[in-house]
Amino acid sequence: MNAVGALPLSATIALAVEARTAAALAAEGLTKAYGPVTVLSDVTLDIRPGEVHAVIGENGAGKSTLMKLLAGYVSPTAGHLLMRGQPIAFPDAAAAEAAGVVLVHQEILLAPDLTVAENLFLGRELSRGILIDDRTMDQRTAEVLASIGAHCHPRDHVGDLPLAQRQLVQIGRALLQPRKVVIFDEPTAVLANDEVAALLEVVRGLRAQGVAVLYISHRLDEVEALANRVTVLRDGKMIGTWPAADLSQRRMAELMVGRQLDVLYPPKRSQPSGTPLLAVEQLSVDHGAVQASLTVRRGEVLGIGGMIGSGRTELFEGLMGLRPAEATRVELAGTAVEHRSVKDWRELGLVYLTEDRKGKGLLLDEPLAPNLTLQALDRIHPRLALNRDKEAAALDKAVRDYDIRARSVHLNAGQLSGGNQQKLLLAKVMMTDPCVVIIDEPTRGIDIGNKSQIYDFIDHLVRSNKACIVISSELPELVGLADRVLVMRGGRIAAELTGDQITEHNVVYAATSGNAYETDQQDHITINKVGDQNDKRDDAYRDH
Amino acid sequence: MTSATTHIAIIKAPRRIRWAAMGPFIALAVVMLAGMVLNSNFATGTNMANVVTRSAFIAIIAVGATFVISSRCLDLSVGSMMAFVTGIMILTMNRLEPSIGANAIFVGAVVGILVGATCGLLNGLIVTVGKIEPFIATLGTMGIFRALITWMSDGGSIPMARALREPYRPVYFGDVLGIPIPVAITLIVALVGAFILYRTKYGRRCMAVGSNADVARFSGISVTKVRTIAFVIQGLCVAIAAICYIPRLGAATPTTGQLWELQVITAVVIGGTLLRGGKARIWGTVAGALILEMIANLMVLSNMVSEYLVAAVQGVIIILAMLAHRFIK
């Protein structure tokens, strides 16, 4: 993928050299590898005083690694950093902070039982003699809070504050001392629409003060509204840097995706999908999904797209009864389902395969057989006592059917490779012979051979007149597998894509863009927008 | 899954000797050898029978504790629960003895079992439904049970009716086929415990809950139910221990079973059961109870160390066992 509007090479270099001496922070050839795995290779960029430089990319593109390198949390394998043209190395985050570079974390890292002021000064408390100087700290806190438009009091307990205020407290903590470079890691991921607008104002305020801001996000609407320049990362590589004015949201999505489908995927099924098997009406999950409705038919692979944090996993954990959730109606094969628990669903023929293989899927310290049969104990052992022979037979069959490779059956599940763990987990949920299988991130962290086997499995499943829901962050997977894709954003189902509409950039676009699809007339693809709930956020942006 | 890849047969490797699992039994053997060397009276038949019989109470309660701990909970109330059950049983038997004679013992035992199960259920529900940390919940009930026995005995003791002493005596002092009855009961409790833990669906679920409650939940297992049942099993074991204990002293006092919870947890932990749940070793637990009693016995028999330091030595042992466990692993 070539850079849009690339300058001649010599001019580019001259410009780059000049820019780097002026840059508040610059990276040259930054590379990070963990053992044989290179997660970021050869990234060169600069952040100038008084600009917002956005870094965009899919999940796993290397954004987090880049920002950790810039803020001194990890050291690069190759390449180096420059401040004002002078090479500099940050042995740790404290060194970066001392040099004026600070990272605002995505997760809120505050002590909920302490006050706002105590949190701001945690680990760097002011004192007079041996006594803590609360009065000065409260005063300084109030100043910092005012400068970023936070409405809380220095003596408020952080645990009592709404999420958005906590986020501002966290930013306040980063800005307690004057900063040259502030790096934001997806600061709006946990915020509601009006809170997002307030946060963007804070960022603009920093820029006006001459601070160099690196802004990492996958919400393209924010990037368009905020950034001076945009750098795109993909698969750990740098695709290029462009002035934000030269990029539309659609172009950004294309640059982020930029991949081609390969032959990993089984051919799409030609016959139309059958009767509805699972129908969910207006399912709302606490801290997750909002009034989401969906249907999956026999013989269909339904893909669920959306960024991490868009409520995909929460929606289906809520459906399974694993989180508090309410729905107006849930039907399986035409029959209303009253009680939703993993156990009830299992009897009815619906299973959910978690994305958290190690934390929620398998007992890593137990051998393969107890793992395989855990969900189907009543089915395999109708009586009180366990039948070891049946268990061994079930394991033998699963090992053959699912091609689980282990050096010994006495190994614990944790000793298998990721791909074999995933196949064991698949075998485990299939023990009860379900008719609808929900698979959350079917191929996360597994190699290509195992991926292709799992895709084949999903294909066979739906060809035998069952249904499969695939939740995935991997766009090629959604495009390659799904007959229909629902894209989630902010807990709602934002779009439904069918047939030729299912393309990587349509999914990214629907998952990231708050702005109206209707205005984008040059594109012949139409996306069926579900509901109008998203308009609120659009308005919030148009106001600025 | 059909795929073009060739299958690699699973090679059935011979089971390695698991030193971590053997640990408690090796330790037991070492203590016995040391005992034989240090004191000629230690290995005599009478002394051995005495030691094993005395260890029965802790062993029986510890079998129950193995369930609770393997489901990643803890029960601190077992010692005072034991005293409470003992008190209720004696009061019941004394009340019934004038009318039904020695049959009162059977009724008393049934009442004891019911009270034990109820106490366990109470602990379980506070922990699972009340969602209170097991440590705090059972610290609370520990105080309650202890206060109740003190109140029932008016700070003194509740003696068993004289007429019941003789018929009840064999339960502690008698034997079947040369095996002391408390030892036989311990064996039965451990066998049943091992069967439930290793061979039933409940046992499997108990391990799963202790190993990773999320995995259990995502597999459709009710964590609440599994843990509550573990506490009930604990209560039943306490009641069985109480039934064996009464004829030994013939009375319940406010100090009955005092600090037994520490010995019970020590026995479970040196037996190889993980405090963080998920791995349970019933026979290790029994070995742990034996080790504790043998060391106490050895200290009483020999004059090298004062018997007042028994608890200190047991404390050292639990720490050593934990260290050994880490290094063997």
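How many bridges pair β13(A) with strand β16 (residues 325-326) of chain A, and in which sense do the two strands run? Keep that in mind while you get your bearings; the tour comes back to it shortly. The model on your screen is predicted.

**Stop 1: chain A as a whole**

Select chain A and colour by secondary structure. You should find 20 helices and 24 strands. Of the 544 residues in this chain, 47% are buried. Among the chain A contacts between residues at least 6 apart in sequence, 70% link residues at least 24 apart.

Now switch the colouring to pLDDT. The average for chain A is 83, and 87% of the residues score at least 70. Two stretches call for care. Residues 1-7 of chain A stay under 50, with eight contacts beyond four places in sequence in the model. Residues 515-544 of chain A also lie below 50, and this stretch has 39 contacts in the model beyond near neighbours in sequence. Where pLDDT is low, the predicted coordinates should not be read in detail.

**Stop 2: strand β13 and its partners**

Here is the opening question again. Select β13(A) together with β16(A): they pair in the antiparallel sense over two bridges. To see the register, pick Ser284(A), which sits opposite Glu326(A) in β16(A).

Next, add strand β17 (residues 329-332) of chain A, which pairs with β13(A) in the antiparallel sense over four bridges. Here Ala279(A) faces Glu331(A) of β17(A).

Then bring in strand β14 (residues 292-297) of chain A. It runs antiparallel to β13 (residues 276-285) of chain A, and five bridges join the two. Leu278(A) has Val296(A) in β14(A) as its bridge partner. Follow the chain through the turn of this hairpin, where six residues lie between the strands, and stop at His287(A), which takes a positive phi near 50 degrees.

**Stop 3: a second hairpin**

Move to strands β1 (residues 25-34) and β2 (residues 37-47) of chain A. They run antiparallel and are joined by seven bridges. Select Lys32(A) and you will find Leu40(A) of β2(A) opposite. This hairpin has two residues between its strands, and Gly35(A) takes a positive phi near 60 degrees.

**Stop 4: a covered strand and a covered helix**

Go to strand β19 (residues 350-353) of chain A. In a regular strand the side chains alternate between the two faces of the sheet. On one side of β19(A) look for Leu350(A) and Tyr352(A), and on the other for Val351(A) and Leu353(A); all are buried, and both faces are covered. β19(A) runs parallel to strand β20 (residues 436-440) of chain A, with four bridges joining them. Val351(A) stands opposite Val437(A) in β20(A).

Now select helix α16 (residues 418-430) of chain A. Its 13 residues reach 18 Å from the first C-alpha to the last, close to the 18 Å expected at 1.5 Å a residue. How many of the residues in α16(A) are buried? The count is 12 of 13. Among them are Leu424(A), Leu425(A) and Leu426(A), along with Lys423(A) and Lys428(A).

**Stop 5: domains of chain A**

Colour chain A in three parts: domain 1 (47-75 + 87-257), domain 2 (261-349 + 435-544) and domain 3 (358-433). Where domains 2 and 3 of chain A meet, each gives nine residues to the contact. On the domain 2 side, helix α17 (residues 448-463) of chain A gives the most, with four residues. That side divides into four nonpolar, three polar and two charged residues.

**Stop 6: across to chain B**

Show both chains. Their contact takes 36 residues from chain A and 25 residues from chain B. On the chain A side, α11 (342-348), α12 (357-361), α15 (388-401) and α17 each supply at least two residues. Which of the elements gives the most to this side? That is α17(A), with four residues. The chain A side holds 15 nonpolar, 10 polar and 11 charged residues.

**Stop 7: one residue in chain B**

Finish by zooming in on Thr141(B), in helix α6 (residues 134-152) of chain B. Is Thr141(B) buried or exposed? Thr141(B) counts as buried because 22 other C-beta atoms lie within 10 Å, and the cut-off is 20 or more. Leaving aside neighbours within four places in sequence, Thr141(B) contacts Ser77(B), Leu122(B) and Asn123(B). Ser77(B) is 64 residues away along the chain, yet the two C-alpha atoms are separated by 6.0 Å.

Methods
Residues numbered from 1 in each chain as written. Chains lettered and ligands numbered in written order. Predicted model: local features only at pLDDT ≥ 70, side-chain atom pairs only at ≥ 80, totals over all residues. Contact = placed C-beta atoms within 7 Å. Domains from an automatic or database assignment. Nonpolar A, V, L, I, M, F, W, Y, C, P; charged D, E, K, R; others polar. Pairing = 2+ DSSP bridges. pLDDT = per-residue confidence, 0-100. Expected span 1.5 Å × (residues − 1).
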